[in-house]
Amino acid sequence: MEVVLFIAGAMLVAAAALTLVRIVRGPGPSDRVVATDVLITTVAGGLAVEAAINDHHYTIPVILVISLLAFAGTVSMARFVAGREGVVGRGPTARDRQRGLEGDGPAEGDGA
């Protein structure tokens with residue numbers, strides 16, 4: 001059992017390190033938000049492993065609160081980023097500009 005928990009802890013540390021790299025390098029705000037959500041999930045997993053190692057249940061409310069905060073933060077950041085042009089998705093190409101399109105989505109009159 002201890003070997004499995006040690007391996008799980010090592011994998012969580014590796015996941016957290018790779019996630020920190022994604023947070024630092026980006027390239028966009030949406031990537032950083034997703035990476036932050038993954039990091040928080042990794043921390044929650046680490047707390048669960050710690051609870052299993054020490055055989056107690058005191059960290060379960062902490063895991064629950066961290067998970068709810070991560071969810072609320074991700075949803076609020078997604079709503080914030082979704083309203084900004086050029087942050088999410090591809091930007092308009094030269095062909096789109098020629099056709100009068102400014103971004104993702106169908107233009108008026110393109111529908112069937």
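Q: Let's start at the end of helix 1. Which residue just after helix 1 takes a positive phi?
A: That's G26, with a phi of about 80 degrees. Keep in mind as we go that this is a predicted model.

Q: And just after helix 2, what residue takes a positive phi?
A: There you'll find D55, at about 55 degrees. This one is a residue other than glycine. D55 sits in the loop between helix 2 and helix 3.

Q: Is D55 buried or exposed?
A: The idea is to look at relative accessible area: under 20% is buried and over 50% is exposed. D55 has 70% relative accessibility, so it counts as exposed.

Q: Which other residue has its place in that loop?
A: Take T59, which lies in the loop between helix 2 and helix 3. T59 has a relative accessible area of 12%, so it is buried. Setting aside neighbours within four places in sequence, T59 is in contact with L47, E50 and A51.

Q: Now the helices. How do people describe two packed helices?
A: Two packed helices are described by the angle between their axes and the distance between the axes. Here, helix 2 (residues 29–54) and helix 3 (residues 60–82) pack at about 175 degrees, and their axes are 10 Å apart.

Q: What does that angle say about how helix 2 and helix 3 run relative to each other?
A: Anything over 145 degrees counts as roughly antiparallel. Helix 2 and helix 3 are therefore roughly antiparallel to each other.

Q: Which residues of helix 2 and helix 3 meet?
A: From helix 2 you get V33, D37, I40, V43, A44, L47 and A48, and they meet V62, I63, I66, S67, A70, T74 and M77 of helix 3. Sorted by class, this contact has 11 nonpolar, two polar and one charged residues.

Q: How far apart are the end C-alpha atoms of helix 2, and what span should its residues have?
A: The check is to compare the end-to-end distance with the span expected at 1.5 Å a residue. Helix 2 has 26 residues and should span 38 Å; its end C-alpha atoms are 37 Å apart, so the two agree.

Q: And what does that check give for helix 1?
A: Helix 1 (residues 2–25) has 24 residues and reaches 35 Å from its first C-alpha to its last, close to the 34 Å expected.

Q: Which residues of helix 2 are buried, and what covers them?
A: Buried in helix 2 are V33, A35, L39, T42, A44, V49 and A51. Their cover includes helix 1 and helix 3. T42 makes a handy example: its relative accessible area is 11%, so it is buried. Beyond neighbours within four places in sequence, T42 is in contact with L12, A15 and A16.

Q: Which residues are buried in helix 1?
A: In helix 1, L5, A16 and T19 are buried. What covers the buried residues of helix 1 includes helix 2.

Q: What about R22 in helix 1: is R22 buried, partly exposed or exposed?
A: With a relative accessible area of 41%, R22 is partly exposed. Leaving out residues up to four places away in sequence, R22 touches P27, D31, R32 and A35.

Q: How far apart are the C-alpha atoms of R22 and T36?
A: Those C-alpha atoms are separated by 8.8 Å, while R22 and T36 are 14 residues apart along the chain.

Terms used: Residues are numbered from 1 along each chain as its sequence is written. This is a predicted model: local features need pLDDT of at least 70, side-chain atom pairs count only at pLDDT 80 or more; totals for chains, interfaces and linings use all residues. Side-chain values use heavy atoms; hydrogens and water are left out. Axes are lines fitted to C-alpha atoms, for helices over the stretch in contact, and angles run from 0 to 180 degrees between N-to-C directions. Helices (H or I, at least four residues) and strands (E, at least two) are DSSP runs, numbered from the N terminus. Angles under 35 degrees count as roughly parallel, over 145 as roughly antiparallel, 65 to 115 as roughly perpendicular and the rest as oblique. Contact means heavy atoms within 4.5 Å. Ala, Val, Leu, Ile, Met, Phe, Trp, Tyr, Cys and Pro count as nonpolar, Asp, Glu, Lys and Arg as charged, and the others, Gly among them, as polar. Buried means under 20% relative accessible area, exposed over 50%, partly exposed in between (1.4 Å probe, protein chains only). The expected span of a helix is 1.5 Å times one less than its number of residues.
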